[in-house]
Amino acid sequence: MTDTSAAVTPAAPPRRWLSFAALTVVLWGVWGAFAGVSAQRGFPETLVYCVWALTMIAPAVIVMHREKWKLDRDPRSILHGLLIGLTGAGGQMILFYAVTTGPAYLVFPIISLSPLVTIVMSFVLLKERTTRLGALGVVLALVALPLFDFSPKGFSFAQGAAWFPLALIVMLCWGVQAYFMKLANARMSAESIFFYMMISGLLVAPAAIAMTDFSKPINWGWDGPWLAAGIQMLNAIGALALVYAFRHGKAIVVAPLTNAGGPLITAVISLLVAGVVPGEFKMAGLALAVIASALLALAP
C-alpha cells in the first residue's frame with residue numbers, strides 16, 4: 001500500500017509556503033474587518049454565503065485554465081476534494097444555526113481551536129514535526145485564538161445547550177478540512193482541490209437559501225449583494241492561497257499561523273478605520289498572536 005503522506009510534492013522555492021500563508025493572512029484579515037458590513041446593511045448572512053460560493057467560481061476557473069483544465073478525476077481525488085469542500089461549507093452552515101441558539105462570545109472561541117484538530121491529526125497520522133521554536137509558536141497561537149472573541153460573561157446554558165455540540169462540530173469540521181487539505185495535496189493538484197471546494201460550496205448554497213427568512217426586508221442594492229461580492233472575493237482568493245500554503249508547508253505550522261494571523265490583521269484594521277480599541281482579552285490575544293506568528297514564520 002502506498003504511503004500518501006510520504007508522496008513527493010513538486011519542487012518549490014524555499015519557504016514558498018510562507019508567502020502563500022502570508023497572503024491568506026492579509027486577505028482574510030481585511031475580509032474579517034468588513035465581513036459583517038453586508039449583514040449590517042440588510043443583506044442576510046445566509047445570502048452572503050451564497051455570494052461567497054459564487055465568488056469561488058472566478059479564481060477556480062482562472063487556475064484551472066492555467067493548468068489547461070487538468071482536473072484530477074480518480075475516485076480518491078474526487079472524495080478528498082469533496083470532503084475538503086463539504087467540511088468547510090457544511091461547517092459554515094452549522095455555524096449559522098449555532099450563533100442563533102447560543103452566545104457568540106462562547107461559540108467563536110471554541111471554533112477558533114480548530115487548528116488543534118489539524119495539529120493532532122497531522123502529528124499522529126502524517127508524522128509532521130517542527131522545531132522547538134515552531135512548537136512554542138503553535139502553543140502561543142492556540143492560546144491566542146480563543147482570546148480574540150472571548151468575553152468574560154460567564155458560562156451558561158440559559159440559551160439552550162444545543163449550541164455547544166454544534167460549536168464542537170464546526171471546530172471538528174474545519175480542523176478535519178485543513179488536515180485533508182494537506183493530505184490531498186500529496187496526491188492531487190492544488191487547483192483540483194480548489195475546484196472541488198468551489199463545487200462543494202455551490203452544492204450547499206440551496207441549504208443557505210432555505211435558511212433565509214425572505215419575509216423580512218432584504219437589501220438588493222449595490223451595498224447588498226454587490227458589496228458582499230467584493231468582500232467575499234477576498235475570502236475566496238485567501239482560501240486559494242491557503243491551499244497552496246498547505247501544499248508547500250506543514251499543516252502543523254500553516255493552520256495555527258493563518259488562523260492567528262488573520263484576526264490580528266482584522267483587529268489592526270478595526271483600530272485604524274473604526275477607532276475600536278480592543279479589550280483586555282483581545283489585547284492579550286493580539287500580543288500572543290504577534291509572537292506566535294513570528295515564531296511560526298521562522299520555523300522550518
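**Exercise 1. Work out whether Leu166 is buried or exposed, and find its neighbours.**

Solution. Leu166 has a relative accessibility of 17%, so Leu166 counts as buried; buried means under 20% relative accessible area, exposed over 50% and partly exposed in between, with a 1.4 Å probe and protein chains only. A word about the model: it is predicted, local features need pLDDT of at least 70, side-chain atom pairs count only at pLDDT 80 or more, and totals for chains, interfaces and linings use all residues. Residues are numbered from 1 along each chain as its sequence is written, and side-chain values use heavy atoms, with hydrogens and water left out.

Next, place the residue: Leu166 lies in helix H9. Helices (H or I, at least four residues) and strands (E, at least two) are DSSP runs, numbered from the N terminus.

Now look around Leu166. Leaving aside residues up to four places away in sequence, Leu166 touches Ile94, Tyr97, Ala98 and Thr101, where contact means heavy atoms within 4.5 Å. Take Ala98: 68 residues separate it from Leu166 in sequence, yet the C-alpha atoms are 5.8 Å apart in space.

**Exercise 2. Describe how H5 and H9 pack.**

Solution. Start with the axes of helix H5 (residues 75-101) and H9: they are 8 Å apart, at an angle of about 160°. Axes are lines fitted to C-alpha atoms, for helices over the stretch in contact, and angles run from 0 to 180 degrees between N-to-C directions.

Then name the arrangement. H5 and H9 are therefore roughly antiparallel; angles under 35 degrees count as roughly parallel, over 145 as roughly antiparallel, 65 to 115 as roughly perpendicular and the rest as oblique. Their crossing is left-handed, meaning that the near helix is turned anticlockwise from the far one by less than a right angle (clockwise would be right-handed).

Last, sort the contact residues of H5 and H9 by class: 16 are nonpolar, 7 polar and none charged. Here Ala, Val, Leu, Ile, Met, Phe, Trp, Tyr, Cys and Pro count as nonpolar, Asp, Glu, Lys and Arg as charged, and the others, Gly among them, as polar.

**Exercise 3. Find the place of Gln177 and what it touches.**

Solution. Gln177 sits in helix H9 (residues 163-185). With 15% relative accessibility, Gln177 counts as buried. Its contacts, not counting residues up to four places away in sequence, are Ile84, Thr87, Gly88 and Met197.

**Exercise 4. Check the span of H8, then compare its direction with that of H13.**

Solution. Helix H8 (residues 132-147) has 16 residues; at 1.5 Å a residue it should span 22 Å, and its end C-alpha atoms are 23 Å apart, which agrees. The expected span is 1.5 Å times one less than the number of residues.

Turning to helix H13 (residues 280-298), its axis and that of H8 come within 8 Å and cross at roughly 155°. That makes H8 roughly antiparallel to H13. The contact of H8 with H13 has 17 nonpolar, 3 polar and 1 charged residues.

**Exercise 5. Which phi values do Lys68 and Trp69 have?**

Solution. Most residues other than glycine have a negative phi. Lys68, however, has a positive phi near 60°, and Trp69 has a positive phi of about 55°. Lys68 is in the loop between helix H4 (57-66) and H5, and Trp69 is in the loop between H4 and H5. Lys68 is exposed, at 65% relative accessible area, while Trp69 is partly exposed, at 40%.
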